[in-house]
Amino acid sequence: MINLNSILLKKMQSRPELPVYGRDEDRPIRRHHSASYYAHWVKESLTTRVSKLVCSIFLGLLAIVGLITFILWLSLRPHRPRIFLNDFSVPALGQGVGGPENAQINFEVTARNSNQGIGVYYDASQVTVYYQEQSIGGYQVLTPFYQQPKNSTIFASMLSGSSLTVTGSQWKQMQNDRTRGPVSFRVELTSTIRFKISSWNSKRHRMHANCPVAVGQDGMILPAYMDKRCPVYFN
């Protein structure tokens, strides 16, 4: 026999469940903003955009001003004078006769102002010749002078007699060096200079230029040292 209770139970279990709705407070609430809220939101958005635009313009102008300042600094920044050793000779050394009393040194040094629109004041200048790092003579320019932009000044002299202080032992050593090869010297130009930019004068700088040089057995400057640029530094 068919069990009626079992059939009824299966039918009840197979019925679809009815949807169950929660309470009203469990449903999502849609918020409605007022017109004043949207007006305030739009105002804040515009303020933010304007602030960003102003900051961008300010930073752009600052970058342009910085670039212009850098270019002006490069164009107005004074460059050190360029020093060249043009000529140097010890004629008596090449002849191989006589002693230090017959010694004579000829030199020519050029100071070139390569600045555009910037002049150089030379307050005082001194050219000194060294042999084995000992001074053997010098030449002074005591009269101050002004060097125009893009101009050159030549320091040339012949050292002999009282302006040349070569000792007997130094002269003998030069002769010995000559028999073995080139004889090395050093020419130093020192000066106190100021730069003139329009109506403004810079502070004084102590300039040093060291020019290594060597002469051959004929006492004349070797081609490798002719018109050679000399290192320059300030202190």
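**Entry 1: Arg-194 and its partners**

I began with Arg-194, which counts as buried at 18% relative accessibility. The model I am reading is a predicted one. I then asked which side chain Arg-194 meets in a salt bridge. The partner is Asp-123, with an N to O distance of 3.4 Å. Arg-194 lies in strand β7 (residues 183–197) and Asp-123 in strand β3 (residues 118–131), so this pair ties together parts that are 71 residues apart in sequence. Asp-123 also counts as buried, at 17% relative accessibility. I followed the link further and found Arg-204 joined with Asp-123 and Arg-194 in a network of salt bridges.

**Entry 2: the other salt bridges**

I noted the general principle that side chains of opposite charge can pair when their charged atoms come close. For the protein, the count comes to four salt bridges.

I looked next at Glu-133 and Arg-186, whose side chains meet in a salt bridge at 3.0 Å, N to O. This pair links distant parts of the chain, 53 residues apart, and Arg-186 is in strand β7. Are the two residues buried or exposed? Glu-133 counts as exposed at 58% relative accessibility, whereas Arg-186 counts as buried at 17%.

I then recorded the salt bridge between Arg-180 and Asp-177, at 2.8 Å from N to O. Both residues belong to helix α4 (residues 168–180); being three residues apart, they are separated by about one helical turn. Arg-180 is exposed, with a relative accessible area of 61%, while Asp-177 is buried, with a value of 15%.

**Entry 3: helix α4**

The previous pair led me to examine α4 as a whole. I checked its length: at 1.5 Å a residue, its 13 residues should span 18 Å, and the end C-alpha atoms are 19 Å apart, which agrees.

I asked which residues of α4 are buried. They are Gln-170, Trp-171, Met-174, Gln-175, Asp-177 and Arg-178. Seen down the helix axis, the buried residues of α4 fall within an arc of 160°, so they line one face of the helix. On the other side of α4, I found Ser-169, Lys-172, Thr-179 and Arg-180 exposed. I also looked up what covers the buried residues of α4, and the list includes α3 (91–95), β3, β4 and β7. After the helix comes Gly-181, whose phi is positive, near 155°.

**Entry 4: the nonpolar core**

I recalled that in soluble globular proteins, nonpolar side chains tend to be buried together. In this model, the largest nonpolar core has 40 residues. Which of them touch the most other members? I recorded Ile-83, Phe-88, Met-174, Phe-185 and Val-187. Met-174 is also one of the buried residues of α4. The largest share of this core, seven residues, comes from β7.

I took Phe-88 for a closer look, leaving aside residues up to four places away in sequence. Phe-88 touches Ile-105, Asn-106 and Phe-107, and also Val-129. Its contacts further include Phe-185, Val-187, Val-213 and Val-215, together with Gly-219, Met-220 and Ile-221. Among these contacts, Phe-185 and Val-187 are named with Phe-88 as core residues that touch the most other members.

**Entry 5: cysteines**

I searched the whole structure for disulfides and found one. This disulfide joins Cys-211 to Cys-230, with an S to S distance of 2.0 Å. Cys-211 lies in strand β9 (residues 205–215) and Cys-230 in strand β10 (residues 228–230), so the pair ties together parts that are 19 residues apart in sequence. What is the handedness of the disulfide? The torsion about the S-S bond is about 115°, so the disulfide is right-handed. Cys-211 is buried, with a relative accessible area of 1%, and Cys-230 counts as buried at 5%. I looked at Cys-55 as well; this residue is partly exposed, with a relative accessible area of 46%.

**Entry 6: the protein as a whole**

I closed with overall values. The protein has four helices and 11 strands. Of its 235 residues, 33% count as buried. I also asked how contacts are spread along the sequence: among contacts between residues at least 6 apart, 71% join residues at least 24 apart.

Key:
Residues numbered from 1 in each chain as written. Predicted model: local features only at pLDDT ≥ 70, side-chain atom pairs only at ≥ 80, totals over all residues. Heavy atoms only, no water. Disulfide = S-S within 2.5 Å. Helix = DSSP H or I, 4+ residues; strand = E, 2+ residues; numbered from the N terminus. Buried < 20%, exposed > 50% of the residue type's maximum accessible area, 1.4 Å probe, protein only. Core = buried A, V, L, I, M, F, W, Y, C linked by side-chain atoms within 4.5 Å. Contact = heavy atoms within 4.5 Å. Expected span 1.5 Å × (residues − 1). Arc of directions from axis to C-beta.
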